[in-house]
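User: Please go through this model with me. I would like the reasoning behind each label as well as the label.

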Amino acid sequence: MPCHWLIKGSKEYCTKSTKKEYCGMHAYAIRKGAKPPSLCIKCGNGTNSKTQLCIPCGQNKEQSKLWREKQITAM
Ligand SMILES: [Zn+2]
Ligand SMILES: [Zn+2]
């Protein structure tokens with residue numbers, strides 16, 4: 001079966017076939033602490049963002065908004 005790793009910035013998954021959930025390269029990346037990209041909540045592309053928005057969907061905007069909110073609550 002194909003590897004379950006979602007490619008960042010696309011809706012495609014890694015095409016390497018594997019008997020396990022992830023191909024060797026991605027299983028290794030996970031062991032090293034990498035997190036597979038998750039789906040952007042707006043467009044469905046892979047993203048590593050905590051806000052689950054990719055860059056074209058305003059990841060940076062969301063993050064600066066979160067940052068501002070944190071600054072406000074810290075006051
Ligand atoms: Zn893979
Ligand atoms: Zn997106």
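Analyst: In this predicted model, 23% of the contacts between residues at least 6 apart in sequence join residues at least 24 apart. A pair counts as a contact here if the two C-beta atoms lie within 7 Å.

User: What makes the chain more spread out than a compact globule?

Analyst: The globule rule gives 11 Å for 75 residues, and the radius of gyration is 15 Å, well over that value, so the chain is more spread out than a compact globule. The C-alpha trace spans about 50 × 25 × 10 Å along its principal axes. As for burial, 13% of the 75 residues count as buried.

User: Which pattern do the helices and strands follow along the sequence?

Analyst: The order is α-β-β-α, made up of two helices and two strands.

User: Why is W67 called exposed?

Analyst: A residue is exposed if 12 or fewer other C-beta atoms lie within 10 Å of its own. W67 has 10 such neighbours, so it counts as exposed. W67 lies in helix α2. Its C-alpha atom is separated by 36 Å from that of T15, 52 residues apart along the chain.

User: Why is Q52 called partly exposed?

Analyst: Partly exposed falls between the exposed limit of 12 or fewer and the buried limit of 20 or more. Q52 has 15 other C-beta atoms within 10 Å and is therefore partly exposed.

User: What is the phi of Q52, and where does the residue sit?

Analyst: Q52 is not a glycine, yet its phi is positive, about 60 degrees. Most residues other than glycine have a negative phi. Q52 is placed in the loop between β2 (46-47) and α2 (59-74).

Technical notes:
Residues numbered from 1 in each chain as written. Chains lettered and ligands numbered in written order. Predicted model: local features only at pLDDT ≥ 70, side-chain atom pairs only at ≥ 80, totals over all residues. Helix = DSSP H or I, 4+ residues; strand = E, 2+ residues; numbered from the N terminus. Rg over C-alpha atoms; globule rule 2.2 N^0.38 Å.
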